[in-house]
Amino acid sequence: MKDNIYILGIESSCDETAASIVKTNKDNNKLEVLSNIISSQIEIHKKHGGVVPEVAAREHVLNILPTIETAIKKSGIKKEDISAISVTSGPGLITSLISGVETAKSLSIAWDMPLISVNHIEAHIYANFINDLTNINYPAVILTVSGGHTTLLKMNKSKKILILGETRDDAAGEAYDKGAKMLGLGYPGGPIISKYANEYEKNIENKKKHLSINLPRPMINSNNCDFSFSGLKTALLYEIKKDKNWKNNIPAYAYSYQKAIIDTLVSKTIYASKISKAKTVMLSGGVSANKELRKELKNKLEERFSNIEFICPELPYTTDNAAMVAAAGCFKYKNKQFINNKKLKADPNLQLK
Ligand code: KG4
Ligand code: ZN
């Protein structure tokens, strides 16, 4: 094995076409992102209020090779220096995944390089390992919150992952997106709900009028690590139907809705940390970009436990990106976890192993 290892990461599981080069070294687990390019489709899907799979597929096909080319160029390395190609093979939209997987297979054959298959949730988790996180105390509890997943996991020292619980219906990101749609705020819902919620919180702090909206925290007291968000979404719908003036109270609704989501996520993560005797808690996935969630989880962990370390990814590695795919690839490369470059198939329901 050469001293320096360079992994090309490719991500196309939903609506972002992304490529990245991450550098590591055979003697340590430091991960350095040399480039992280995202060709975003958000502006295209905004018009439709959510991702249109057929449109996303077409955009991936058009953008994938230029995105990879830019990522290699920006990294300052040559394609001959790449040690392996790491690609998201699932879960996700099949018509989107297929672009990344087939491109990675073709490049792996043409350039005669090993191929690594990465699960999208696993990639989100490895976003926490970017830069220098070599000294994590295990066991670690990880809350993965994205548009498609809300999962609590436990990771041990050998980085083996155990699923503690997951959502029984909607994911937390999906709850944000559907809530935003109901309030007429557009797509993606997370950042816009969070913006209105922050605005409203400042009003409360300044002692301006506070409109109290009663929303449920489904399953918050069930003694398990599962979630359910579909009832919350329905409750929001009933509340705005009752209120003739709801369009003038959007910040109040956004604030109460976000609070219900965050209270549930924090409470379940505390429970998972307690039963797992966690020494570290990590956040991952697109919703982990949420500042209020980061702040609330950190504060509550500090209140409840004397020595749990809290880690979350840097903002560019929270929502879908390829640096996280390359980061997971770095660890798999060292463990020689390669996959046959003729046989890999995109799998929309790929399970975590
Ligand atoms: O991980 P991600 O980029 O894609 C999936 O794997 O699904 O997550 C996207 C989700 C969307 O539902 C989006 O609304 C949410 O992450 N999101 C946020 C924030 N930024 C993105 N949710 C809450 N607060 C944010 N700041
Ligand atoms: Zn994601």
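This report looks at the ligand site and at some unusual backbone spots in a predicted model.

**The ligand site**

Ligand 1 takes up the space of the largest pocket. Three elements each give two or more residues to the shell around ligand 1: helix H4 (120–126), helix H5 (172–182) and helix H6 (189–205). Domain 1 (4–127 + 317–334) and domain 2 (138–278) both give residues to this shell, so ligand 1 lies between them.

There are 18 residues around ligand 1. His124, Gly147, Asp177, Gly190 and Asp320 come nearest. The shell divides into 5 nonpolar, 11 polar and 2 charged residues.

The table gives some polar contacts of ligand 1.

| Atom of ligand 1 | Partner | Distance |
|---|---|---|
| Oxygen atom | Polar backbone atom of Gly173 | 3.1 Å |
| Oxygen atom | N or O atom in the side chain of Asp177 | 2.7 Å |
| Oxygen atom | Polar backbone atom of Gly286 | 3.1 Å |

How much of ligand 1 does the protein bury? Taken alone, ligand 1 exposes 550 Å², and the protein buries 88% of that.

**Backbone spots**

Most peptide bonds are trans, and most residues other than glycine have a negative phi. Some places in this model depart from that.

The peptide bond from Tyr138 to Pro139 is cis, with omega near 0°. Pro139 sits in the loop between H4 and strand S6 (140–145). The bond from Tyr187 to Pro188 is also cis, with omega near -5°. Pro188 belongs to the loop between H5 and H6.

Lys159 has a positive phi, near 70°. Lys159 lies in the loop between strand S7 (150–155) and strand S8 (161–166). Lys336 has a positive phi too, near 55°. Lys336 is in the segment after helix H10 (323–334).

Notes
Residues numbered from 1 in each chain as written. Chains lettered and ligands numbered in written order. Predicted model: local features only at pLDDT ≥ 70, side-chain atom pairs only at ≥ 80, totals over all residues. Heavy atoms only, no water. Near = heavy atom within 4 Å. Polar contact = N/O pair within 3.5 Å; in protein donor to acceptor, adjacent residues only side chain to side chain. Areas by Shrake-Rupley, 256 points an atom, 1.4 Å probe, with all protein chains shown as cover. 1 Å grid on protein atoms, 1.4 Å probe; cavity = no way out; pocket = protein on both sides within 12 Å on 5 of 7 lines; lining within 4 Å. Sits in = over half its atoms within 2 Å of the grid points. Helix = DSSP H or I, 4+ residues; strand = E, 2+ residues; numbered from the N terminus. Nonpolar A, V, L, I, M, F, W, Y, C, P; charged D, E, K, R; others polar. Domains from an automatic or database assignment.
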